[in-house]
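Student: I have a model on my screen and would like a close look at its aromatic side chains. Could you take me through them and show me how they sit in the chain as a whole?

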Amino acid sequence: MGGRRALPNPDLKPETARHFELGWRGQPWSDAQVEASLFQSRIDDLIQDAIVASNQCGSTVCNQAQNIGKARNRGVELSLQQRFAERGEVGAAYTWLDRDNLGNPAVLLTNSPRQRLFAHAQWTFSPQWKALATAEAEQGRIVTYAGPGNQGGFLRLDGYTSFGAKLVWSPLDGLDIEAGGRNLGDKWYELAEGYPMPGRTWFANVSYRF
């Protein structure tokens, strides 16, 4: 019992959803690709974690997946890809998401950021060598939380920005040897309360495509 982190819920019902999306894709100028979309979803019997009183998880509370009723998700997605003279490429993708609990607005919707941005850049020095850099950022993620500072059983996590880079050598067709780092700024951030993501890390990989 000491290793349990969540209570089962035999009464849990499956989610059902209706999705609507309107999008556009085009090339507004040379070597560019732009995409934009608007979307909305209506969800019945939405499932998310709730905090319930219990001594079965090693403390006074447990997590439990529950149906919380009707919800609406709506938002915007934008992306841009731009190439430069066959050697360089940059791109960015941005998402804005608004979620509403239609049945009980006091119960906040969790585990998704309000805004998210991912960007990348690549430069090809030669057919054998290229460098890549990435950046990702998000803001507005809410999680369930029963500790100090919670607001009605919820906690708003701090936003973050993280950078990565790698160098790739391809000495043979299908063979890639790469080395680089993630979270180069050694940023402290969480996607779930109490479980910080790794700090600055280094890696080296070898892959071969048949």
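Tutor: Happy to. Let's start with the fold as a whole: the chain has 14 strands and zero helices, so to read it from the N terminus is to meet one β element after another. Keep in mind that this is a predicted model. The radius of gyration is 22 Å, where a compact globule of 210 residues would come to near 17 Å. Along the principal axes, the C-alpha atoms take up a box of roughly 60 × 40 × 35 Å. Buried residues make up 28% of the 210 in the chain. About 13300 Å² of the chain is exposed, and 56% of that comes from carbon and sulfur atoms.

Now to the rings. There are three aromatic pairs in the structure, and I will take you through two of them. In one of these, the ring centres of Trp129 and Trp169 are 5.7 Å apart; their planes meet at 15 degrees, which is under the 30 degrees cut-off, so the pair counts as stacked. Trp129 belongs to strand β9 (residues 129-139) and Trp169 to strand β12 (residues 160-172), so the pair links parts of the chain that are 40 residues apart. Trp129 is partly exposed, since its relative accessibility of 37% falls between the limits of 20% and 50%. Trp169 is partly exposed as well, with a relative accessible area of 32%.

Tyr208 and Phe210 give you another geometry: this pair is edge-to-face, with 5.0 Å from centre to centre and 85 degrees between the planes. Tyr208 is partly exposed at 47% relative accessibility, whereas Phe210 counts as exposed at 94%.

One more ring deserves a look, this time for its charged partner. The charged end of Arg182 sits over the ring of Phe203, 4.2 Å from the ring centre.

While you have the side chains on display, turn to the cysteines too. The structure holds one disulfide, formed by Cys57 and Cys62 with their sulfur atoms 1.8 Å apart. The torsion about this S-S bond is about 115 degrees, so the disulfide is right-handed. Both ends are covered: Cys57 is buried at 15% relative accessible area, and Cys62 is buried at 2%.

Finally, back to the whole chain, where the link between Trp129 and Trp169 across 40 residues has plenty of company. Among contacts between residues at least 6 apart in sequence, 54% join residues at least 24 apart.

Definitions and conventions. Residues numbered from 1 in each chain as written. Predicted model: local features only at pLDDT ≥ 70, side-chain atom pairs only at ≥ 80, totals over all residues. Heavy atoms only, no water. Phe/Tyr/Trp six-rings, centres within 6.5 Å; stacked < 30°, edge-to-face > 60°. Helix = DSSP H or I, 4+ residues; strand = E, 2+ residues; numbered from the N terminus. Buried < 20%, exposed > 50% of the residue type's maximum accessible area, 1.4 Å probe, protein only. Lys NZ or Arg CZ within 6 Å of the ring centre and 35° of its normal. Disulfide = S-S within 2.5 Å. Rg over C-alpha atoms; globule rule 2.2 N^0.38 Å. Contact = heavy atoms within 4.5 Å. Areas by Shrake-Rupley, 256 points an atom, 1.4 Å probe, with all protein chains shown as cover.
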